[in-house]
Each structure stands twice: as C-alpha cells, then as structure tokens.
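Trainee: Could you take me closely through the metal site of this structure, and then follow the aromatic contacts from there?

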Amino acid sequence: MEKVKMTWLGHSAFLFEAEKKVLIDPFITGNPKAPCGPEELNPDIIAVTHGHADHLGDTIEIGERAGCRIVSIHEVANYIKSKGVFAEGMNKGGTFDVDGVTFTMTEALHSSSIDASGFSFDGGCPAGFVIGIGGHSIYHAGDTGVFGDMRLIGELYEPEIAFLPIGSKFTMGIKEAVKAVELIKPKIVIPMHYSTFDVIEQDPEEFKKAVEEKGDTKVIIMKPGETLEL
Ligand code: NI
Ligand code: MN
C-alpha cells in the first residue's frame, strides 16, 4: 500500500495525495477556515459531491487553471461544461477509474441545486464518494443525513476511513453521525462540515467521546490546514 496524505482545507474540502492529487469539494473562496487560496492548489483530479456553492466552490476556476480532470454527477458535470471547462459525469452505484484512482458514487440524503448568478440550476442528486487511492478505501459522505444503506457502503467497500458531516441544520448532527459510524464501521472517522459558520457550530470532542464509547472506531479531530498520513 502507498502512503496517502490527507489535508483538511476546512468545511468538506480535502486534498488526498498519493501518486495522484485528488481535491474534493474545493470550497476555498469564501471559506473562513481555508488555510490557503485556490491559486495554491494544483490537483490532478477534482471530485464534487453536489452542486451547492460550499462544495462546487472553486472547481471551475481551479479546473480551468490546473487542466485537471473533474468528476461529478451527470447534471453538475453538464453545468461545469456549460462554463467551458471539461468535466466527466457519472452516477450512483457506479465506479469510475480516473488515472488509477477509483471513484464509486454513493447515495446521499440531501439536495443539490446549483445557485449561480441569481438563478437556480438543476444539479441532479447529491452524492458521496468512496475513493480508492494508493490501495486505500476512503469514504467522503458529502452532505447527507444518516440512512440505513450506509451499512451497505460499509459492507461493500470496507472504508478504512470515513469523512462524515456533523454540523447539523443542513446535514447529520452528532447523534445521527454516531449512528452512521455504527453502520459503516470504519477504522477511523474524521468529522467535517461543522463550525465553518455559526449555524453549524458543533463540539467535535462530544462526537469523539460518543463514538469511542460505543465501539472500536477512532475519531481524529483535524484542524484546518492539518495533514494526516494513512
Ligand atoms: Ni449541501
Ligand atoms: Mn454543505
């Protein structure tokens, strides 16, 4: 297995680096927790879970400059292409190999309109990804509520590490995310999509305590800008 470096860019944005650099949900501009500017990011691949501005983020600008491949659900890919930047659409349940990194698109319980220039475009359905990189299986849940088929994601893809939202209001809160961990059974969980803004303020220590009291999964609380190695 190869080493994978994982850096939190705040909110749901992460950079995974092995042979290829994968940027997911690059909401950098306007993200008060972002440790860098979008111009500092040079990924090989960008993956977008859904159309909301705090996930689509700087995808078009970074994609255009870096000339990287972009993966998202069909409708979001069409929107990106309408802006003159190439993107590749896929859909739920399928796996797409992008230069040796695999993306399996999963369910997410949420919405996905694209809000741009005062108009709302159809962003299709929201999704999550199981990413196969450097021999590791990583689950990024996107924005989602808890759902029973998270158990199936755990059984099929056996993610070592799961990135789960805990901010509530728009996604799972702590209570629901603790249940999600029980269903997915990863070795490690990293909470995301909390405390970026006041409306999603959460104490990740409370989540860590609740998860670690229940089972063997370890919770690692990252700081924006911090890098972990898997
Ligand atoms: Ni969202
Ligand atoms: Mn969001």
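Mentor: In this predicted model, Asp-54 and Asp-143 are both buried, and each of them appears among the protein donors of the manganese ion (ligand 2), which are Asp-54 (OD), His-55 (NE2), Asp-143 (OD) and His-193 (NE2), at 2.1 to 2.2 Å from the ion. Along the chain these donors follow the spacing D-H-x87-D-x49-H. The pair of Asp-54 and Asp-143 links distant parts of the chain, since Asp-54 belongs to helix α1 (residues 53-56) while Asp-143 sits in the loop between β12 (136-140) and α4 (150-157), 89 residues apart. Asp-143 also bridges the manganese ion (ligand 2) and the nickel ion (ligand 1), and the two ions lie 3.3 Å apart.

Turning to the aromatic rings, the count comes to eight aromatic pairs. One of them is the tilted pair of Phe-27 and Phe-197, with 6.3 Å centre to centre and 40 degrees between the planes. Phe-27 lies in the loop between β3 (21-24) and β4 (45-47), and Phe-197 in the loop between β14 (188-192) and α6 (204-214), so this pair ties together parts that are 170 residues apart in sequence. Phe-27, at 9% relative accessibility, counts as buried, whereas Phe-197, at 34%, counts as partly exposed. Phe-103 and Phe-129 form an edge-to-face pair, at 5.8 Å centre to centre and 80 degrees between the planes; Phe-103 is in strand β8 (residues 101-106) and Phe-129 in strand β11 (residues 128-133), so parts 26 residues apart in sequence are tied together. Both Phe-103 and Phe-129 are buried. Finally, Trp-8, Phe-14, Phe-16, Phe-163 and Tyr-194 form one aromatic cluster.

Technical notes:
Residues numbered from 1 in each chain as written. Chains lettered and ligands numbered in written order. Predicted model: local features only at pLDDT ≥ 70, side-chain atom pairs only at ≥ 80, totals over all residues. Heavy atoms only, no water. Donors = N, O, S within 2.8 Å, 3.2 Å for Na, K, Ca; no water. Helix = DSSP H or I, 4+ residues; strand = E, 2+ residues; numbered from the N terminus. Buried < 20%, exposed > 50% of the residue type's maximum accessible area, 1.4 Å probe, protein only. Phe/Tyr/Trp six-rings, centres within 6.5 Å; stacked < 30°, edge-to-face > 60°.
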